[in-house]
Amino acid sequence: MDSDLAGVPGGIYIHIPFCRRKCRYCDFYSTTDLSLKSAFLNALEREIKMTDSRSLKFDSLYIGGGTPTVLDADDIYRIIETVGRYFNVLPGAELTLEVNPGTVTLDEFRFYKKGGINRLSIGVQSFNDSHLQFLGRIHTASEAVDCVLRARQAGFDNVGLDLIYGLPGQDLTAWRGDLIQAVNLAPEHLSCYMLACEGGTPLAQDVRNGSVHMPPDDLLCDLLGLTAGFLTANGFSHYEISNFARKTEDESKPVASRHNQKYWSFAPYIGLGPAAHSFIEPMRYWNTSDINTYISETEAGRLPLAEKETLTTEQLIIESVYLGLRQISGIDLLWFNHRFGLDFHSIFKQVIEELTTEGLITISDTHCSLSHRGLAMLDSVAAMFTDQELGALSS
Ligand code: SF4
């Protein structure tokens, strides 16, 4: 399939696989064995050198994890410098560092800024100490506030905060309290994620054995509605199901996360580090998630790949429906029809009728998007599209 995205700048994601302590709900790959830091950094440097990215240019770099800030500031600096040497990173690229409160001093913030980091994503998660304790975070609410203030003091003017809602026992008033505190800190960006109970985590085990009860679906739906209503009324634009960007007068300075938009728009991205995923249409591949294998593979002169797959047209359609519905503007139907040589309205006629009748989507000639109620039911709405599509294409 021809890609309309030929020449579109891509993103680079670097996964730093260390955390001081594992949070109760987290299923991201990371280890608490910090003695592997230096071997990991050498392995990452080898992976960067071995990765062939000559056909691509990049306008975003995202250093995430794990907890990147358990590394020394010098190490982060070295990573940025090595990426700049081996990848075609465009001037003005967005360089994001994920930061965990309680792990960064003012001097370190200043050093990151000097090293080229121009955007921070701070994992606040909650302004309520008992919720932070429940989640197993290493920091308190006041440390999270200090972290944001320190970032500002160091001169960062593009700061995003991550928050989690839908915790057991959390009601609308408690969550509103978190949103008020977040807005008072005037971040450029807010990501509000619903707490997910991922298999294999201590949280999932506690839910299974009945010691923890997740909130009911109708409360989750109300929490999502409160989030969207409160933040849009307070100067934020809701552009993706979990993401909000502060509206600015200066349109040349958009504050939506450029890097995250790569994932939702089929732009190419390269993931480096254990468990990192890459996508260069139509290929998707990902690294081994075991840090020791990651180190030994690169020592042996091999890329630390776990698996690689070529996406079929059906898989690309499924992804574009799912990713399109995640965006508040919805699926761009002109793009979809042109891209796949199909007519969205005809192939999904029946499901469109059902979902419109149920009030879960709105559709025009140019866009298909989730309604307010549909936002809380993304997975089941997307499944209705993709089930029908697979049948239609294979018949
Ligand atoms: S700090 Fe982040 S990556 Fe590490 S365990 Fe907690 S949620 Fe997971």
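Guide: Let's start with one yardstick: a residue is buried under 20% relative accessible area, exposed over 50%, and partly exposed in between (1.4 Å probe, protein chains only). One more thing before we go: this is a predicted model, where local features need pLDDT of at least 70, side-chain atom pairs count only at pLDDT 80 or more, and totals for chains, interfaces and linings use all residues. Residues are numbered from 1 along each chain as its sequence is written, and side-chain values use heavy atoms, with hydrogens and water left out.

Visitor: Then why is Arg302 called partly exposed?

Guide: Arg302 comes out at 46% relative accessibility. That falls between the 20% and 50% limits, so partly exposed is the right label.

Visitor: What makes Arg302 and Glu297 a salt bridge?

Guide: The term asks for a side-chain nitrogen of Lys or Arg within 4 Å of a carboxyl oxygen of Asp or Glu. Here the N to O distance is 3.0 Å, so the pair of Glu297 and Arg302 passes. Generally speaking, side chains of opposite charge can pair when their charged atoms come close.

Visitor: How many salt bridges does that rule give?

Guide: The count comes to 16. Some share partners: Glu45, Lys49 and Arg78 are joined that way into one network.

Visitor: How do you know that Glu188 and Arg246 form a salt bridge?

Guide: Their closest N and O atoms are 3.5 Å apart, and that is within the 4 Å limit, so the name fits. The two residues are 58 apart along the chain: Glu188 sits in the loop between helix 6 (172-184) and strand 6 (189-194), while Arg246 belongs to strand 8 (residues 243-246). Those numbers come from DSSP runs counted from the N terminus (helices are H or I, at least four residues; strands are E, at least two).

Visitor: Are those two partners buried or exposed?

Guide: A bit of a mix! Glu188 has 8%, under the 20% mark, so Glu188 is buried. Arg246 has 28%, so Arg246 is partly exposed.

Visitor: Why are strand 7 and strand 8 said to pair?

Guide: Pairing needs at least two bridges found by DSSP between the strands. Strand 7 (residues 236-240) and strand 8 have four, so they pair, and they run antiparallel. Arg246 turns up again here, standing opposite Phe236. A hairpin of two residues joins strand 7 to strand 8.

Visitor: What makes strand 6 a partner of strand 8?

Guide: Three bridges join strand 6 to strand 8, so this pair qualifies too, and it is antiparallel. In one of the bridges, Ser191 is matched with Asn243 in strand 8.

Visitor: Why are strand 13 and strand 14 called edge strands?

Guide: They belong to an open antiparallel sheet of three strands in the order 13-15-14. Strand 13 (331-332) and strand 14 (361-363) each have a single partner strand, so one side of each lacks a neighbour in the sheet. Two bridges join strand 13 to strand 15 (residues 367-370), and Asp332 stands opposite His367.

Visitor: Why is Leu97 called buried?

Guide: Leu97, in strand 3 (residues 89-99), has a relative accessible area of 0%, which is under 20%, so buried is the word. Beyond its neighbours within four places in sequence, Leu97 is in contact (heavy atoms within 4.5 Å) with residues including Ile63, Tyr112 and Leu120.

Visitor: What makes Ala186 stand out?

Guide: Its phi is near 50°, a positive value in a residue other than glycine. In general, most residues other than glycine have a negative phi, and most peptide bonds are trans. Ala186 lies in the loop between helix 6 and strand 6. Its 33% accessible area makes Ala186 partly exposed. Ala275 also has a positive phi, near 70°. As for peptide bonds, the one from Glu281 to Pro282 is cis, with omega near 5°.

Visitor: Which residues are around the ligand?

Guide: Among them are Cys19, Lys22, Thr67 and Arg137; being near takes a heavy atom within 4 Å. The shell divides into four nonpolar, three polar and three charged residues. Ala, Val, Leu, Ile, Met, Phe, Trp, Tyr, Cys and Pro count as nonpolar, Asp, Glu, Lys and Arg as charged, and the others, Gly among them, as polar. So Cys19 goes with the nonpolar group, and Lys22 with the charged one.
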